[in-house]
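Trainee: I would like a close look at a single part of this model. Please take me through the surfaces that one chain offers to its partners, and then through its sheet.

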Amino acid sequence: MIAEIGLAALWLAAALAALQFVFGAIALYQRDMTMLRGVRAVAVVQALLTATAFAALILVFLRTDLSVSLVAANSHVAKPWLYKFAGTWGNHEGSMLMWVTILALAGGAVALFERRLEDRTLIATLAAQATIGLGFYAFLLFASNPFDRLDPAPAQGNGLNPLLQDPGLAFHPPTLYVGYVGLSIAFSFAVGALVTRDVGAAFARAMRPWVLAAWIFLTLGITAGSYWAYYELGWGGWWFWDPVENASLMPWLAATALLHSVTVLATRDGLRAWTVMLAVVAFSMSMIGTFLVRSGILTSVHSFAVDPRRGAFILALLAIYIGGALALFALRVGTVREGSRFDMVSREGSLVANNLLLSAILGIVLIGTLYPLGIEALTGGKLSVGPPYFNAAAGPLALILVVVMAAGPLLRWRRDELRALARRLAVPAIVAVLALVIVLAVLPRAHLLPSLGLILAAGVAVASVAPLWKRNLRRTPLFTWGMVIAHLGIAVSLAGMASESAFTQETLVAARPGEVHGVGPFAVRFEGVEPVAGPNWTALEATLTATRGTGAPMEMRPQARAFWAPPTETNEAAIRTLWDGQLYTVLGKQAEDGRWQLRLWWKPFVTLIWAGGALVAIGGALSLLGRLLRDRRAAQRGKEWWE
Amino acid sequence: MKKAILWAPLAMFLIFAAMVAGKLYAPGDSSIVSHMVGKPLPAFALPAGMPDRPGLANTDFAKGKPRLLNIFASWCVPCAAEAPQLVELRKAGVEIDAIAIRDRPEDIAEFLKRYGDPYARIGSDANSSVQVAMGSSGVPESFVIDGQGIIRHQHIGDIRPENVPDILAAIRAAQ
Amino acid sequence: MKRAAILIGLIGWAATAQADSLMPADPMADTQLSDPAKEAQAKALMENLRCVVCQGQSIADSDAELAGDMRAMVRRRIAAGEKPEAIRAWMVARYGDWISFRPPVEPLTWPLWAAPILFLLVGLWLARGRFRRRGR
């Protein structure tokens, strides 16, 4: 019954999306703005219906209703409730329903809260959002129905991939999806503004909070995903330039560029066409990522449940939405004037540099990810493009970008002097030189990129708080704080990456109980291996005692788990977080002579990578809060702050 | 000029879409083909995989007649599935040698007892080193080696009944 | 494969259980070389070689047995004094360019390697009209 309610809600929502599009089109055609209220209401109800469908699917999973084929294929009676719950989106259909739910909720939120956008543009925006929704509803209902019944119902169910049986599953995909799909708002805004030829500062000010909100979630999602892979995969790596990771990085790069260009548009009414382009590109990257992953086109994802029919369906949707938006762009943007020009040495100038570098990095990630496909199509040859290419091609640009990030906020809008900038950058430069001296002393043979990373991180950290220098901190606007903290977060993250790369110590040994092995400053004693049992797995658990100098011993228990539904083995690393880094231990296989394989890593300051990511997201949140508060105050005063 | 630039993003997207559409309809093969086909066998000398017959060296191949080199393992499920086809090839007169990957004599003996024994020689490759030297990426794989010791053909995965004629043809071609 | 499933949050999987042998891993698969400089060379090379079994990972961080055997081979040959570049070329001769995460530099990949510079130049060209001359 619950499944049928969910399916009915989904059909109704699809019908309302169609209605929303038709209403919007009529309103625009007849220039009848009184229909706005109706369109708003339809968008909200559509969101509620889709949310109902999603709730129904969650309920079906929580109850492990095995007569629903999706549940039977992906869940199991004997599974902790958290994974029954999170297992809802641990599969193709469920995650696609979550995708569509967020799309509808995003549209509903715009309908409810957006008050600043010009009425015509708002109607066009909501109509565009409904059009996107319509395609993906069709995809769900015709090619990926999550509510399909199974007759007869099996007694057991297949179970969830054990690698996904981790609290990370409850948090990471929803966050990432809110980010990905939240960018649809920017896309619809851009399409709406192109339709009504209303690209200007007011449009940018209306769009900015929505972009910011999606970007915060995207940042959190990628950060969490990186940490999840780091502790779950058991080899201590945190980023691999895998095609699928790249698919998640590209929307973030585009959204970050958009966030900065929209500021130029909002403040100085420049970069109009460019900002609209980025808004289209950002969500296009989300959709392309979804497509690449689900169609099984990229080799790295050959283990995904692949169905060429589904791939073709999504590709058709991409062609319609992205192709349509880009065609609209080409047709309309000629009538949009690019806006005011800038001085090279100015805040705008630095933001243009930021956009240039971010776009170049985006281009590199995109071409690197797709190049093997292109080569195969052209010559039939097989090629791999991996970390050596991405690090060499994107690394230097990223470091230049970080320098631009340090300098940008210290520049004035409109026009500034290089000499003044140099004066403001003096202290950070001195800190960077000090860091250089320290790096040369401590690490005479370190690689170039990590050393540069450490030096720049030190200088940039100081430079990013410099905008607060000599300011009355109480009267500093919240969004300035947000920017400072976000930029500081980038420096912190960079420091973590460079430190992990330069200082990680590795020990791989085959050990007998009682043996002591060193890794970095630690002495790790291998006590022995015991079997332990969990709710749906059994494991071999090693006990390790790690001691640093005269410090208290720390007990660590890495496990090698064997799940029985479905039968799979996973490694559960034991990780101890200390103030200056992480000790990462993994239990491997037993050798012929009875010794156990242990993998031990000491990773100084590795946590800064994700702490920095969290800071970036917090900075974004403060910035968003600051903008919203200022808008509200302005509204209460009865006029906008810029008037 | 200015106008043309505006259409560039759409053009790039369409190239992308055409490329992936092609890939979608002709998914291609994700298997890694050995680049050793057409080249002489790498030099190797493997110890015997079972006490009842000799081990395997590359010099065993350059003796004028083509042979089939089967890379298998007793712990590999598809290897059991292809065993009847190997027996059939043996009956058709094909000389078959084997490299057993990461295997133990008692397990190999058990495997051959259960699924049939078409092999003249079995070399034991305990750390996959010869497998890697041949550019093979898994078990089972089969190579046709001609009478001069040149690798002529690679079959990736288990030999299905429908593949048997291809293998026979490759052997004939290597004559 | 695992990483793919995790990072994107788009999840699905086929139950193709990869059978493993009963033999223990080669000791050199997970034992460092005593010379840290050589171990660093070996590690760098392992990170650049793609695992032929679980195609998304390098052999340095793959649990597959064949990857372990390849790690052992890389360590032995580095220990014996072979240059990493020679081992890489040896692997490419067997598995093709696919095996190396670093694409070769040849006419077909010139666009790939030129991409960073090209993108920057195109970007600068697009942005050129946005800037005002100084001193106006």
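Mentor: What follows takes the contacts of chain A one partner at a time, then turns to pairing between strands. This is a predicted model, in which local features need pLDDT of at least 70, side-chain atom pairs count only at pLDDT 80 or more, and totals for chains, interfaces and linings use all residues. Residues are numbered from 1 along each chain as its sequence is written, chains are lettered from A and ligands numbered from 1 in the order in which they are written, and side-chain values use heavy atoms, with hydrogens and water left out.

Start with chain B. Its contact with chain A (heavy atoms within 4.5 Å) takes 16 residues from chain B and 28 residues from chain A. About 1,800 Å² is buried between the two chains. Buried area here is the accessible area (1.4 Å probe) that two parts lose on being put together, summed over both. Carbon and sulfur atoms give 83% of that area.

The polar side of this interface comes next. The rule finds 1 salt bridge across it, a salt bridge being a side-chain nitrogen of Lys or Arg within 4 Å of a carboxyl oxygen of Asp or Glu. B:K23 forms it with A:E376, with the closest N and O atoms 3.3 Å apart. There are also 2 residue pairs in polar contact, both at pLDDT 80 or more. A polar contact is a pair of N or O atoms within 3.5 Å; within protein, one must be able to donate a hydrogen and the other to accept it, and residues adjacent in sequence count only if both atoms are side-chain atoms.

Three helices of chain A each supply at least two residues of the side that touches chain B: helix 10 (272–295), helix 11 (308–332) and helix 12 (347–379). Helices (H or I, at least four residues) and strands (E, at least two) are DSSP runs, numbered from the N terminus. Helix 11 of chain A gives the most, with 13 residues. This side of chain A divides into 20 nonpolar, 6 polar and 2 charged residues. Ala, Val, Leu, Ile, Met, Phe, Trp, Tyr, Cys and Pro count as nonpolar, Asp, Glu, Lys and Arg as charged, and the others, Gly among them, as polar.

Now chain C. Here 84 residues of chain A are in contact with 58 residues of chain C. The two chains bury about 6,300 Å², 64% of it on carbon and sulfur atoms. A:W235, A:R341 and A:S384 lose the most area in chain A, together 11% of what that side buries. The rule finds 1 salt bridge across this interface. C:K43 forms a salt bridge with A:E506, the closest N and O atoms being 2.8 Å apart. Residue pairs in polar contact number 9, both residues at pLDDT 80 or more. Helix 12 of chain A gives the most to this side, with 12 residues. By class, the side has 43 nonpolar, 25 polar and 16 charged residues.

Strands also join these two chains. Strand 1 (342–343) of chain A pairs with strand 1 (131–132) of chain C in the parallel sense over 2 bridges; pairing needs at least two DSSP bridges between strands. C:R132 is the bridge partner of A:D343.

Last, the sheet within chain A. It is open, with 4 strands in the order 2-11-10-9 and antiparallel pairing. Strand 2 (505–511) and strand 9 (574–578) of chain A are the edges, each pairing on one side only. Strand 9 pairs with strand 10 (581–590) over 5 bridges, and A:G581 is the bridge partner of A:L578.
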